[in-house]
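Visitor: I would like to know how the labels on this model are earned. Could you take me through the reasoning, step by step?

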Amino acid sequence: MAVIAKSFIVLLNKAIPLRRFFLVLALGLTVLLSPNLVFADGESGAEQLRQFVRNSKTAEGEFVQQQLRAPKANEPQDKGLKVIRQTQGRFVFQRPGRFIWDTQKPYEQKLIADGKQLVLWDKDLNQATFRPAGQALAATPAAILFGETSLDQHFDLVEGEDRLGMQWVALVPKKNPNAKNGNDLPYTKISVGMANGLPKALELIDGLGSVVLVTLDKIQLNINLPANRFTFVPPVGAEVLRLN
């Protein structure tokens, strides 16, 4: 557990891996269920997703995040994707730019953003790492949850197939002229699965074929949150690192 946590702290020191972290985290948080939203029958998955983003101001619930891979050449080929890592815990968010991603199993870590700074708290290491949030949320899929702007500002929403009882919507990043490959995202495919007007599944696929699958459950939407909900104070005696 400590090795995993130390590796994550190394990621926080590097700009490109930090963007990858925000991708997995923020896109994971898009997979929400809400009994409080009403959608018209027959609306496309893309329009349902747009409405969800417009209407969800706060939420909290539970998440499961899995990293999957295809079977290797020496493994059975008929069992589908293999789970190689799984974490689970609770989350809470408030637009714009505030969230808590509380991993509880198999190790305990918290990621907290208050709109100005990002904090990684690792219980095993008794260590808190602070760094400015900067503009990491502005032009990445984090805008889906944390931004106030439209999805269409950063993505083209493309209707996909009906699969597993869901309407899938591909989020295609708009080209970034300052990026080498037109955009700075590490994934070749980003898809959200919609069912009955609700985002229920998210797939992230990278250039090597690795898949990240995130699902959330037991969601409470548009709840009142206390002003200090996203404030984190390290315990007495904890090691504190402050990064620029």
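**Reading the labels**

Guide: Start with Trp101, which counts as buried because its relative accessibility is 5% and the cut-off is under 20%. Keep in mind that this is a predicted model.

Visitor: What makes Phe91 buried?

Guide: Phe91 has a relative accessible area of 2%. Buried means under 20%, so Phe91 is buried.

Visitor: And why does His154 count as buried?

Guide: His154 has 17% relative accessibility. The limit is under 20%, so His154 counts as buried. His154 sits in the loop between α4 (143-146) and β7. Its C-alpha is 8.4 Å from that of Val172, 18 residues apart in sequence.

Visitor: How many aromatic pairs are there?

Guide: The count comes to three aromatic pairs. One of them is Phe63 with Trp101, and that pair is stacked.

Visitor: Why is the pair of Phe63 and Trp101 called stacked?

Guide: The ring centres are 3.9 Å apart, with 15° between the planes. Pairing needs centres within 6.5 Å, and stacked needs planes under 30 degrees apart, so both conditions are met. Phe63 is in strand β1 (residues 58-69) and Trp101 in strand β3, 38 residues apart. Phe63 and Trp101 are both buried.

Visitor: What makes the pair of Phe91 and Trp101 tilted?

Guide: Here the centres are 6.4 Å apart and the planes 40° apart. The distance is within 6.5 Å, and the angle is neither under 30 nor over 60 degrees, so the pair counts as tilted. Phe91 belongs to strand β2 (residues 82-94) and Trp101 to strand β3, ten residues apart. Phe63, Phe91 and Trp101 form one aromatic cluster.

Visitor: How do you know that Asp102 has no salt bridge?

Guide: Lys110 is the nearest side chain of opposite charge, 4.2 Å away. A salt bridge needs a distance within 4 Å, so this one does not qualify. Asp102 is buried all the same. Its place is in strand β3 (residues 98-105). Among the residues Asp102 touches are Phe63, Arg90 and Lys110.

Visitor: Why are β7 and β8 called paired?

Guide: Strand β7 (residues 155-163) and strand β8 (residues 166-173) share seven bridges, in the antiparallel sense. Pairing asks for at least two, so they pair. In one of the bridges, Glu159 has Val169 in β8 as its partner. Leu164, in the hairpin of β7 and β8, takes a positive phi near 55°.

Visitor: Which residues have the most contacts inside the largest nonpolar core?

Guide: Leu49, Phe91, Leu157 and Leu171, in a core of 30 residues. Strand β11 (residues 211-221) gives the most to this core, with five residues.

Note on methods
Residues are numbered from 1 along each chain as its sequence is written. This is a predicted model: local features need pLDDT of at least 70, side-chain atom pairs count only at pLDDT 80 or more; totals for chains, interfaces and linings use all residues. Side-chain values use heavy atoms; hydrogens and water are left out. Helices (H or I, at least four residues) and strands (E, at least two) are DSSP runs, numbered from the N terminus. Buried means under 20% relative accessible area, exposed over 50%, partly exposed in between (1.4 Å probe, protein chains only). Lys and Arg count as positive and Asp and Glu as negative; His and the chain ends are not counted. Contact means heavy atoms within 4.5 Å. A nonpolar core is a set of buried Ala, Val, Leu, Ile, Met, Phe, Trp, Tyr and Cys residues joined through side-chain atoms within 4.5 Å. Rings of Phe, Tyr and Trp (its six-membered ring) pair if their centres lie within 6.5 Å; planes under 30 degrees apart count as stacked, over 60 as edge-to-face and the rest as tilted. Lists of a residue's contacts leave out its neighbours within four places in sequence.
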